[in-house]
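I opened this notebook to record what I looked up, entry by entry, beginning with where the chains meet and ending with a single residue.

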Amino acid sequence: MLKRRWSAKRLKEAAIEKCIYLSGITSIVLVALIFIFLAKEGFAIFRTIGFGDFLLGSSWYPISTPAKFGILPLMAGSLLVTLGATLIAVPIGIASAVYISEVASGKIKEILKSGIELLAAIPSVVLGFIGMMTLVPWVKSTFHIPTGLTAFSGAVMLAFMATPTIVSIAEDALNAVPRRYKEAALALGSTRWQAIWRVVLPAASSGIVAAVMLGIGRVIGETMAVMMITGNAARIPDSIFQPVRTLTATIAAEMGETVRGSDHYFALFAIGIVLFIITFFINLIADLAVHHKAK
Amino acid sequence: MRKFQWFIVVILSVLGASSGLATGNSIQIKGSDTMVNLGQAWAEAYMGKHPDAFVAVTGGGSGTGIAALLSGTCDIAESSRSIKKEEINQAKAKGITPTEFIVGLDGLAVVVNPANPVSQLTIDQLADIFAGKIKNWKEVGGRDLSIVLLSREVNSGTHVYFKEHVLRKGDAKSTVEFAPEALLMSSSQAIADEISQNTGAIGYYGMGYVNQTQKAVAVAKDNAGPYYTPTLDNVVSGQYYISRPLIFYTNGQPQGALKDIIDFVFSPEGQQIVKDTDFVPVK
């Protein structure tokens, strides 16, 4: 009897193990399939235009004859918006994480944590709409520029979306730093600030880098809000106060029009490949940062 | 086991209900953003007369509508541009015959903020403004203020029409493009909203969208004038230069309920609705 129960337990364990193994394999296979699909549809564009002309061409006129498929302005738009959002979100995000994990106590900590999680739950289209109604007119009148639909508005709005990701992951990283590090620093006579700045933050640095990278990943993939408030002008911007068009917004705005199997259709998939590669590298860096810590 | 039976019953009834809908009088109309309000008005009037019929109207742009017709997800595609050669080829490959009905006309209004002193422009000036050659309002008799260009997205028939007939002045060989600085807006409403709060902006859309918070400029073919505003009379007489047909595409000659609704659109009542939604009737 005892033996049988034991083997049933073992069987269950083995089954669970197999399930986990299977779901892990499935997700890898799915990612591979997605990439194969993207590649199959996207690489067709390179039969019409060269790889260099696609990546470095500076005009995007997909439906003209002859059509121009240069995504440099779109990449410039995506990078500018992402850079702006990162510059805003990273200091705020890390500072909030430090405050929540090291300074705030009890009730305030709980309120802040759930508040930030709530912020992450707001759909981006809602944030985009709020941005259109409040942020865009404000940017226009404050900076005296022709229109408020700019990369800057997009960056501010995206910072809102990246901050919760950065805060919650950075906070986990800070919490994972053994208490004795901080206690030792305090015992040696450092102030609380010195302990946080010189000991806790460096100890959690790899986790914080991962948090920042995941935040950037969220920003670069964001579509709806940027489409609504960055103005969608496909030109290479020379200031952050100009309208830009991002890679994601281009796909979203134009996929309705494309004739299946046309160059335009393939070009949108090729943009998908570029985005996939960018996010892949961001995730890779985040992953390397995490493993660096494990060693 | 009981639970399982219950589940089957639910599934079957859902399937039954949905197949009932599909074989009933449900008609899907999809496409041109310019025509979505017009289509909605027709649908409401038609459903008022035929309580058993159900007509659903969605926008998304002319290209979206035609794509939906080709993939069989709508019965009528609304379009503010003619169907393209590639689209016809694609339709043929799928055994679909797009059939065209011109259901109305639209004057394409060029709009600015009411506070903008500029109230008339020639086609040449418009072409230069939207191609980015004229960058400041003072070059066309306005204030010293930079011009903010607003355009529709490339999935819009209005975008294509404006480029072909204003920027390129109907010349098929021309390669003039919208200036890369032009802001591509996702809907006519988005352009209207931006125009009403931006004194430097200029945009274009179907005349049905113009209200008191925007000003439609009068347009002339050349410097000699005369200048015409996009009104019903000027579009009917052909004096307002930037006008275009509004089109329904169906798959083959419409039958049954579909024919019924197209007959309604061409009836005096249907054409009155065209007029009521600020477009121009064809009959």
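Before the first entry I note what I mean by buried area, which is the accessible area, taken with a 1.4 Å probe, that two parts lose on being put together, summed over both. I also keep in mind that this is a predicted model.

Entry one, the interface. I looked up the area and found that chain A and chain B bury about 2,300 Å² between them, with 53% of it on carbon and sulfur atoms. I then listed who takes part, and the contact draws 23 residues from chain A and 29 residues from chain B.

Entry two, polar links. How many salt bridges does the rule find across the interface of chain A and chain B? I noted two, and I wrote down a salt bridge that joins A:Arg245 to B:Glu153, where the closest N and O atoms are 3.3 Å apart. For polar contacts between chain A and chain B, I recorded a count of six residue pairs, both residues being at pLDDT 80 or more.

Entry three, the side of chain A that touches chain B. I saw that the elements giving two or more residues to this side are helix H6 (124–143) and helix H12 (247–254) of chain A, and sorting the side by class gave me 11 nonpolar, six polar and six charged residues.

Entry four, one residue of chain B. I located B:Ser187 in the loop between strand E7 (183–185) and helix H7 (188–197) of chain B. Is B:Ser187 buried or exposed? Its relative accessibility is 19%, and because buried means under 20%, I entered B:Ser187 as buried. Leaving out residues up to four places away in sequence, I found that B:Ser187 touches B:Asp33 and B:Arg152.

Methods: Residues are numbered from 1 along each chain as its sequence is written. Chains are lettered from A and ligands numbered from 1 in the order in which they are written. This is a predicted model: local features need pLDDT of at least 70, side-chain atom pairs count only at pLDDT 80 or more; totals for chains, interfaces and linings use all residues. Side-chain values use heavy atoms; hydrogens and water are left out. Contact means heavy atoms within 4.5 Å. A salt bridge is a side-chain nitrogen of Lys or Arg within 4 Å of a carboxyl oxygen of Asp or Glu. A polar contact is a pair of N or O atoms within 3.5 Å; within protein, one must be able to donate a hydrogen and the other to accept it, and residues adjacent in sequence count only if both atoms are side-chain atoms. Ala, Val, Leu, Ile, Met, Phe, Trp, Tyr, Cys and Pro count as nonpolar, Asp, Glu, Lys and Arg as charged, and the others, Gly among them, as polar. Buried means under 20% relative accessible area, exposed over 50%, partly exposed in between (1.4 Å probe, protein chains only).
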